[in-house]
Each structure stands twice: as structure tokens, then as C-alpha cells.
Amino acid sequence: MINMFDLSGKVALVTGASSGLGVQFAKALARQGADIAIVARRLEKLNQVKAEIEALGVKCVSLKCDVAKVDEIKETVAKIKEHFGKIDILVNNAAIALDAPAEKQSDELWETMVNVDLNSVFYFSREVGKIMIENNYGKIINIGSINSSVASTYMPLTAYCSVKGGVLMFTKALATEWAKYNITVNAIGPGYFESEMTAELVDDAEFSPVVKTFCPMGRFGREGELDGAIVYLASDASSYTTGQILNVDGGWTAV
């Protein structure tokens, strides 16, 4: 039987892979046989993840990169191509979540959110896309959010919803533009998962009723529950799937 989810011989680049969901995405792809490039600002943490990935029997390279700086993005992509010779899969995972009422939001907060959560998605896609176009093959997976599709009444998330909504429309637009190059572009919309970014919410007793109210499953996502989505979109099992967002949210966006 053919394993449609086998990623042996593929090279995957995962941004924001020093902690949280980025680590889970990188390991999920590695378990299917892909060699991995991981990037983030915290090189010491990246190197710890690198060792864990190599223990899975694949090759891994870790590179320090501030995704808010386009020059570093260009340099990082060039180094990965030089190291592996190609990039087949791009996971645009790097993101931050800052909340503030719109009327009190600083220019710096808005610009930081746009640079990290939206601009980096474009710049990494553009630079990696040049390699994919040359090879006539590619899988781009943008990590959006449930807030790519729905807003929030429980926290002031105007900036976050705006950039994640932008990620969704970028996904659709790029998918239509690059389909002719055999490149699929899709997104994953995670609900609330336990991670470094959401640690305060996990420990916040006042947020528990919010989850139970808005999420039909009534709980945070668990480690491993995004693995199927990332592997599907990275593999040839999704060869006719493009321009879509796959929400993995316990039913949050269904109500």
C-alpha cells in the first residue's frame, strides 16, 4: 500500500520553531521522514529542538533569524538552500499575540504585529517560492488562527484578528497565483492550544469558562492534535487542495 503521507526526501522549513506549535510541526514532519530546517530568534532553544529532531533519524539545521527583518529572511533562506539544495515545504508559523484595546494601541504594537505575523509570511513565501517555482513543486502552509475567520468578544484582539485575517486572504491569493507552478498554499487555523504563548490563558481561571462557552469540546487543544493537519497539507495526499484553511479548533468556528 502506498503511503501518501511519506515525506522522505523532502526538505521542510519551519519558522518560529524554538518552542510551542513550531516544535510540534517540525517533529510531525520529521516523523514522516522530512529533513528539517528550523529558524527563530533563540538559537540556544533551537539547538535543543535540533537535537530532538535528529534523534528521529532525519537531518536538521537550525538558524537564528528575526522574522521581522527581511534581510535576515533572505539570508536564512539562501543558507538553507545552500545546505539542502532545495526547500519543498514551508511552514510559516512564527507569530506573536499581543492584545490591547484599539483606542489604546500603540503604533509600535501594531507595526510589530504586522511585521511578525503578516509581513514575515509574505517575505518567507516570496523567497522560498523562488526555489519552489524553479523546481515546479512546493507546499506552503501558513499558520493562521481561528481569529483568521472570527473575531473576539472576550479579549481586545483587533490587531491579532487583522493580521491573521490577512494571512487567510494571502493564502487564498497566493494559491491562485502559484497553482500553475505546482505549488499548493494552504493554512491551518488552530484554536487554543497549550503552548508558551498561551501559558497565561491556560493558568487563568477566568478564561476556562470562555473555552467551555465558545468551544463545543470545552477544552484546549492537546499536543499532537495538529500533527494530522500539518502532515496532510505537507504531503501529496493534499495535491488537489489549495487556497484553504483547515481549522483545528474543537468546533470553535462551527458555532
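Colleague: Rings of Phe, Tyr and Trp (its six-membered ring) pair with centres within 6.5 Å; planes under 30 degrees apart are stacked, over 60 edge-to-face, the rest tilted. On that basis, which residues form one aromatic cluster?

Modeller: Tyr154, Tyr192, Phe207, Phe214, Phe220 and Trp252 form one. Keep in mind that this is a predicted model: local features need pLDDT of at least 70, side-chain atom pairs count only at pLDDT 80 or more, and totals for chains, interfaces and linings use all residues. Residues are numbered from 1 along each chain as its sequence is written, and side-chain values use heavy atoms, with hydrogens and water left out.

Colleague: How many aromatic pairs does the structure hold?

Modeller: It holds 11 aromatic pairs. One of them joins Phe122 and Tyr123, with ring centres 5.4 Å apart.

Colleague: Which geometry is that, stacked or edge-to-face?

Modeller: Edge-to-face, because the Phe122 and Tyr123 planes sit at 65 degrees.

Colleague: And how exposed is Phe122?

Modeller: Phe122 is partly exposed, at 40% relative accessible area. (Buried is under 20%, exposed over 50%, partly exposed in between, with a 1.4 Å probe and protein chains only.) Tyr123 is partly exposed too, at 25%. Tyr192 and Phe207 make another edge-to-face pair, 5.1 Å from centre to centre and with 70 degrees between the planes.

Colleague: Where do Tyr192 and Phe207 lie in the chain?

Modeller: They are 15 residues apart, and their pair links distant parts of the chain. Tyr192 is in the loop between strand S6 (183–190) and helix H6. Phe207 is in the loop between H6 and helix H7 (208–214). (Helices, H or I of at least four residues, and strands, E of at least two, are DSSP runs numbered from the N terminus.)

Colleague: Is Tyr192 buried or exposed?

Modeller: Tyr192 counts as buried, with 11% relative accessibility. Phe207 is buried as well, with a relative accessible area of 4%.

Colleague: Switching topic. Where is Asn92?

Modeller: Asn92 sits in strand S4, residues 89–92.

Colleague: Buried or exposed, that Asn92?

Modeller: Asn92 counts as buried, because its relative accessibility is 3%.

Colleague: What is Asn92 in contact with?

Modeller: Leave aside neighbours within four places in sequence. Contact means heavy atoms within 4.5 Å. Asn92 then touches Ser120, Val121, Phe124 and Ser125. Ile140, Ile141, Asn142 and Ile143 are also in contact with Asn92. Thr15 completes the list for Asn92.

Colleague: Now the backbone. What is phi of Asn136?

Modeller: Phi of Asn136 is near 55 degrees, so to speak a positive value in a residue other than glycine. Most residues other than glycine have a negative phi.

Colleague: Where does Asn136 fall?

Modeller: Asn136 is in the loop between H4 and strand S5 (138–143). Asn136 counts as partly exposed, with 42% relative accessibility.

Colleague: And what about phi of Asn182?

Modeller: Asn182 has a positive phi of about 65 degrees, although Asn182 is not a glycine.

Colleague: Where is Asn182 placed?

Modeller: In the loop between H5 and S6. Asn182 is partly exposed, at a relative accessible area of 41%.

Colleague: Back to the rings for a recap. Which two residues of the cluster did we pair up?

Modeller: Tyr192 and Phe207, as an edge-to-face pair. Both belong to the cluster, together with Tyr154, Phe214, Phe220 and Trp252.
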